[in-house]
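Subject: Structure handover

Hello,

Here is the structure I promised to pass on. Please open it beside this message and follow along.

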Amino acid sequence: MGKLYTAAVFLMLMFVTISEALVVDISKHGARQNADIAQALTLAFKEACASTTESKVLIPKGTYKLSAVKLEGPCKAPIEIQVQATLIALTEKTTEPSWVLFNHIDHLTVSGGGVFDGQGSTAWGKCGRTDYCRSLPINLSFNDIKGGLVQGVTSKDSKQFHANVIGCTDLHFVRFTTSAPHDSLHTDGIHIGRSTGIKVLDSNIKTGDDCISIGDGNQQITIERVTCGPGHGFSVGSLGRYQNEAPVIGVTVRNCTMTDSMNGVRVKTWPASYQGAASDMHFEDIIMNNVGNPILIDQVYCPWNDCNTKIPSKVKVSKVTFKNIRGTSSTPVAVKLSCSPGNPCQGVELSNIDLTYTGKEAPAAISECSHVQPKVSGTMNPKACTAPVTAY
């Protein structure tokens, strides 16, 4: 009898909670398909954000245009943005750094299976070495989010980064999809900066830059069961370019698959850099399918060849493990550990590596090392550190 009574009370409380949740459909504020819904979305968000109980902003199925919007907290209770629609970014030039900005919100959920289409093809052709693309809007920006979930939505053809995570805590991306061609410049799938407890799980990232890039100041970043490709791989860095960068501590990449990506898993720092540090990084149980540079520590990172490579990087790289990584490399150098002569890498481990070169330039894959003495165990193909690092 006691158990039945407890169950009944629980169900009643759950019903009360659900019945009190506020749902705000954007059509209430004048949203119409094929028209700009920025004002309607902003008004719907403000109404939901002011609720003292859990709330939801609903963007129902259909196709809507959307100019740049800022969804600003703090909110009085947890809030969900349920996007069932396809949202089309207006292609007019904007001075806003983000197309959709979520700022200073606790307990945010973005869900619904919808698509954020950034219309990036209108801009990529103008990109290059200039900063033009870096001034274009990011599809989704998450600033100062504490306790959040981005689940089951797609970012398509962003003009710049698909998702930018800055100063967030415990924000999780689950079944998140990015879709952009390999020649879409500066379109990192997810860029993470100065955040803690970020997880990317069960996601699929196809883009023209890093699938996931981890900048300075991050701690306890987890990437699991993520597919990457096309793209430039999973990258810690680049680090050391700017003064007063905070250290990176704790990165785990596990059970992932990379296909036709430019790089696999890598740590990259600039030569002639400012001081910095990256430690406690673990890359495990990863499948490489025709991947360039599958395993890479690059402390002479200089994408435009205008750096002073004779001055060593001052970023200290330590406690890095590469375990159970197998598949095929599209370049002869399947493992490259190019550490700083001024700050040699410490605590690097290679265990159970099996990578085969698929091209015809060399009879087999090779492993190059400099300024590092990795601990080696298990299967090792190619044999570890059989050659010095070739000149850049």
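Below is what was found, taken one region at a time.

Please keep in mind that this is a predicted model.

**Strand S9 and its partners**

Start with strand S9, which covers residues 138-151. S9 pairs with strand S7, residues 98-111, in the parallel sense. There are 10 bridges between S7 and S9. One place to look is Asp 106, whose bridge partner in S9 is Lys 146.

S9 also pairs with strand S11, residues 163-166. This pairing is parallel and has four bridges. Here Ser 141 has Asn 164 of S11 as its bridge partner.

Then there is strand S12, residues 169-174. Five bridges join S12 to S9, and the two run parallel. Val 150 has its bridge partner in S12, namely Phe 173.

**Leu 140, inside S9**

Leu 140 is a residue of S9. Is Leu 140 buried or exposed? Leu 140 is buried, and its relative accessible area is 1%. Beyond its neighbours within four places in sequence, Leu 140 touches Val 100, Phe 102 and Phe 116. Its contacts also include His 162, Ala 163, Asn 164 and Phe 176. For a distance across the model, take Leu 140 and Val 267. They are 127 residues apart along the chain, and their C-alpha atoms are separated by 25 Å.

**The cavity**

How many cavities of 30 Å³ or more does the structure hold? It holds one. The largest cavity has a volume of about 30 Å³. Its lining is made up of Leu 41, Ile 59, Leu 66, Ile 81, Val 83, Leu 87, Val 100, Phe 102 and Phe 116. Two elements each give two or more residues to this lining: strand S5 (79-83) and S7. By type, the lining has nine nonpolar residues, no polar ones and no charged ones.

Some of these names have come up already. Val 100, Phe 102 and Phe 116 line the cavity, and Leu 140 is in contact with Val 100, Phe 102 and Phe 116.

**Asp 117 and Asp 157**

Next, go to strand S8, residues 115-117, where you will find Asp 117. Asp 117 counts as buried, at 9% relative accessibility. A polar atom of its side chain lies 3.0 Å from the backbone nitrogen of Gln 119. Leaving aside neighbours within four places in sequence, Asp 117 is in contact with Leu 87, Ile 88, Ala 89, Trp 99, Lys 156 and Asp 157. Leu 87 is also one of the residues that line the cavity.

Asp 157 deserves its own look. It sits in the loop between strand S10 (154-156) and S11. Its phi is near 50°, a positive value in a residue other than glycine. Asp 157 is buried, with a relative accessible area of 14%.

**Another positive phi**

Ala 272 is not a glycine, yet its phi is positive, at about 50°. Where is Ala 272? It lies in the loop between strand S22 (265-269) and strand S23 (276-291). Ala 272 counts as partly exposed, at 39% relative accessibility.

**Cis peptide bonds**

Two bonds to check by eye. The peptide bond from Gly 237 to Ser 238 is cis, with omega near 15°. Ser 238 belongs to strand S20, residues 234-239. The peptide bond from Asn 381 to Pro 382 is cis as well, with omega near 5°. Pro 382 is in the loop between strand S29 (375-381) and strand S30 (387-388).

**Ile 214**

Last stop: Ile 214, in strand S17, residues 212-214. Ile 214 is buried, with a relative accessible area of 2%. Which residues is Ile 214 in contact with, leaving aside its neighbours within four places in sequence? They are Ile 192, Ile 221, Ile 223, Ser 235, Val 236, Gly 237, Val 248 and Val 251. Gly 237 is also where the cis bond to Ser 238 begins. The C-alpha atoms of Ile 214 and Ser 238 are separated by 8.1 Å, and the two residues are 24 apart along the chain.

Over to you.

Best wishes

Methods:
Residues are numbered from 1 along each chain as its sequence is written. This is a predicted model: local features need pLDDT of at least 70, side-chain atom pairs count only at pLDDT 80 or more; totals for chains, interfaces and linings use all residues. Side-chain values use heavy atoms; hydrogens and water are left out. Two strands pair if DSSP finds at least two bridges between them. On a 1 Å grid over the protein atoms alone, a cavity is a set of points where a 1.4 Å probe fits but cannot get out, and a pocket is an open set with protein on both sides within 12 Å along at least five of seven lines; lining residues have an atom within 4 Å of a point. Grid points are joined across faces, edges and corners, and a volume is the space filled by probe spheres set on the points. Ala, Val, Leu, Ile, Met, Phe, Trp, Tyr, Cys and Pro count as nonpolar, Asp, Glu, Lys and Arg as charged, and the others, Gly among them, as polar. Buried means under 20% relative accessible area, exposed over 50%, partly exposed in between (1.4 Å probe, protein chains only). A polar contact is a pair of N or O atoms within 3.5 Å; within protein, one must be able to donate a hydrogen and the other to accept it, and residues adjacent in sequence count only if both atoms are side-chain atoms. Contact means heavy atoms within 4.5 Å.
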